[in-house]
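Subject: Handing over the structure

Hello,

Here is the structure I promised to pass on to you. Please open it first, and then read on for what turned up in it.

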Amino acid sequence: RQLGFAVVGLGKLALGEIMDAFATARRAKVTALVSGNRDKALRVAARYGVPESGLYSYDDFDRIADNPAVDVVYIVLPNALHRAFAERAFRAGKHVLCEKPMATNVADCAAMIAASEAAGRKLMIAYRCQFEPHNLMAMRAIRGGELGAVRVITADVGRGTDPRDPADQWRLNRALAGSGSLFDIGIYGLNAARFLVGEEPVEVRAQLYARPDDPRFREVEDVVVWTMRFPGGAQFHGSTSYSYSFTNRIQATCDNGVLVLDPSMEYHAQRLQIRDRTIQMSPIDQFAREMDHFCMAITDGVPIVADGAEGMQDVRLMLAILEAGRTGRAVSTDWGYRRAADP
Ligand code: NAD
């Protein structure tokens, strides 16, 4: 059976990608919308066939407990709001799919996991690249040993930000975003390095930089450059920025060859190069795959590849990167986390 989803927050990602993804999802359908703007909600509902009885505002969202057509609440709000809506959704007896980054601090992540357990409902973090075929093929090539030992993973992920764009305004505001480029897009490089190698980094060093005269970076970081050490011997060199031209490139330099994902995290067009072989498969809808996976976890007990613990691990690591950058010291990240299920 298909599970019903309530999409919370009708911003750029929800309207640009997620609403359309239901058309190709096999196990998920959209049955409710939660928005601060009633007119927008009505327009979107009409376009996607959501009944008026499935429309909620942020204030009356808790009424969703009485809507049996909603099984899953998909949170697509600014980062700092994820925890409160996850807790409310669990209190309403719903499962929660939450956009990355899971939250802006570790306490919020822990509270979300606790709320999921208390409610007996599932929690997944929306790491769409873990369902993207080029990323998965890269992971299998690296972990399968085809290229020999990984020496260095390099990941550069960034884009420009425009303070006139409402979707960038909250991203430049520490209270709503938690941090800058790292939590928003650097997270893709970090998460990919972890699943490509299949290990957890044990130490980090970092540098932070923002041009002092750039008003965008009064509250959040711009450029973050870090190195991490994986226990098996691979080094990870990551960078992210809110003033790069649009970049998302990951390279694994190994003993017997080089693998490149460039672009690595676009919505519809990845490219993988393994040595001199270029692989470009036809695009799939990563959001549809991710939603279908969560439905299978709920109805068939399939292990969730990106559960709350996985989201919290990235938040802890990102905070360690920022601490290393602020203090100029190496920070240990060897706290024993192991992911429960591989992509
Ligand atoms: P957005 O600004 O376009 O959308 C956010 C929505 O939240 C808007 O509709 C806005 O009106 C609403 N909102 C509710 N309360 C708000 C408040 N107090 N302040 C500001 N907005 C408020 O942002 P987005 O790009 O859609 O990002 C939303 C979430 O999705 C973020 O967590 C982001 O990290 C994540 N995201 C994930 C991907 C991905 O590929 N998985 C891509 C983009 C964004």
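Which residue in E9 is the bridge partner of Leu-208? The partner is Val-224. Before going further, please keep in mind that this is a predicted model.

That pair belongs to a run of strands worth looking at together. Strand E8 covers residues 203-209 and strand E9 covers residues 223-229. The two run antiparallel, joined by 7 bridges. E9 also pairs with strand E10, residues 235-241, again in the antiparallel sense, here over 6 bridges. If you would like a residue to find on that side, Val-225 stands opposite Ser-239 in E10. Between E9 and E10 the hairpin has 5 residues, and one residue in this hairpin, Gly-233, takes a positive phi near 110°.

Now for the overall layout. The protein is divided into two parts: domain 1 spans 3-126, while domain 2 is made of 131-282 and 307-332. Taken over C-alpha atoms, the centres of the two domains are 26 Å apart. Their contact draws on 20 residues from domain 1 and 23 residues from domain 2.

How much area do domain 1 and domain 2 bury between them? The figure is about 1,600 Å², and 71% of that lies on carbon and sulfur atoms. On the domain 1 side, three residues stand out: Glu-17, Lys-100 and Val-106 supply 27% of the area that domain 1 buries against domain 2, more than any other three residues.

Lys-100 is worth a second look, as it also forms a salt bridge with Asp-184, with the closest N and O atoms 3.6 Å apart. Across the interface of the two domains there are 2 salt bridges, along with 6 residue pairs in polar contact.

Which elements of domain 1 each supply at least two residues to the side that touches domain 2? They are helix H1 (12-21), helix H4 (106-119) and strand E6 (123-126). H4 gives the largest share, with 4 residues. By type, the residues on this side of domain 1 divide into 14 nonpolar, 3 polar and 3 charged.

If you want a short tour, begin with Leu-208 and Val-224, follow E9 across to E10, and then turn to Lys-100 and Asp-184.

Happy exploring, and do write back with any questions.

Best wishes

Technical notes. Residues numbered from 1 in each chain as written. Predicted model: local features only at pLDDT ≥ 70, side-chain atom pairs only at ≥ 80, totals over all residues. Heavy atoms only, no water. Pairing = 2+ DSSP bridges. Domains from an automatic or database assignment. Contact = heavy atoms within 4.5 Å. Buried area = accessible area lost by both parts, 1.4 Å probe. Salt bridge = Lys/Arg side-chain N within 4 Å of Asp/Glu carboxyl O. Polar contact = N/O pair within 3.5 Å; in protein donor to acceptor, adjacent residues only side chain to side chain. Nonpolar A, V, L, I, M, F, W, Y, C, P; charged D, E, K, R; others polar.
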